[in-house]
Amino acid sequence: MTLKFKALPTNAVRALQRGGPDAYGLKPERQLSDGDGVPCRHCLKNIAVGEAYLVLAYRPFPELQPYAETGPIFLHAKECERAAEGKMLPEMLESSDYIVRGYGKDDRIVYGSGGVIPTDAIAARAETLFERDDIAYVHIRSARNNCYQCRIRPRVTGQAAPAWGCRTPVAYKR
């Protein structure tokens with residue numbers, strides 16, 4: 001199976017970089033990176049020392065419901081290029097381990113699918129989860145703070161890939 005590691009959609013990121021509201025309706029906060037643990041969810045790279053970045057509330061789900069986790073994420077303050085959807089683990093994943101958790105087509109956690117997984121085993125764990133019929137997509141989240149990192153989808157050949165919604169108050173399509 002081939003996986004796709006998916007960054008946030010560019011149109012949503014541009015709206016936030018231009019001062020649009022986050023998931024709580026607030027303007028993103030601007031800070032300067034110290035270069036330690038500040039991963040951009042759009043280019044999927046770490047934000048370098050001295051670069052400006054945004055801190056904002058993000059909800060990677062299409063609508064409010066009890067399992068629609070919202071939390072802080074970081075983005076480059078200046079426009080950056082979206083990471084290509086690829087099968088390689090994003091370079092921003094520098095921690096020793098992450099939460100890897102499956103979600104169903106209804107955008108709810110699939111119980112029993114989550115676990116703290118060593119970084120070098122994330123792809124294998126995702127492939128195992130996608131063998132299940134009840135897993136539509138997988139999130140990678142910080143094992144220490146539960147912050148959303150990126151989404152994983154199986155690469156579907158010969159058919160349209162399933163849609164995935166995530167939205168701040170700014171509606172967008174992927």
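Let me start with strand β3, residues 52-58, in what is a predicted model: seven of its seven residues are buried, so the strand is largely enclosed by the rest of the structure. If you follow the side chains along β3, you will find that A52, L54, L56 and Y58 point one way, while Y53, V55 and A57 point the other way, and the residues on both sides are buried. That pattern fits a general point, which is that side chains in a regular strand alternate between the two faces of the sheet.

Now, which strands pair with β3? Strand β2, made up of residues 29-32, pairs with β3 in the antiparallel sense, and there are four bridges between them. Strand β4, which covers residues 71-76, is also paired with β3 in the antiparallel sense, here over six bridges. A good residue to find on your screen is V55, because V55 in β3 stands opposite E29 and has F74 as its bridge partner in β4, besides being one of the buried residues of the enclosed strand β3.

Let me turn to the cysteines, where a search of the whole structure finds zero disulfides. Why does C43 form no bond with C40? The closest cysteine sulfur to that of C43 is the one in C40, and the two are 3.9 Å apart, which is too far for a bond, given that a disulfide needs the sulfur atoms within 2.5 Å. C43 is itself buried, with a relative accessible area of 8%, and C147 is buried too, with a relative accessible area of 16%.

Key: Residues numbered from 1 in each chain as written. Predicted model: local features only at pLDDT ≥ 70, side-chain atom pairs only at ≥ 80, totals over all residues. Heavy atoms only, no water. Buried < 20%, exposed > 50% of the residue type's maximum accessible area, 1.4 Å probe, protein only. Helix = DSSP H or I, 4+ residues; strand = E, 2+ residues; numbered from the N terminus. Pairing = 2+ DSSP bridges.
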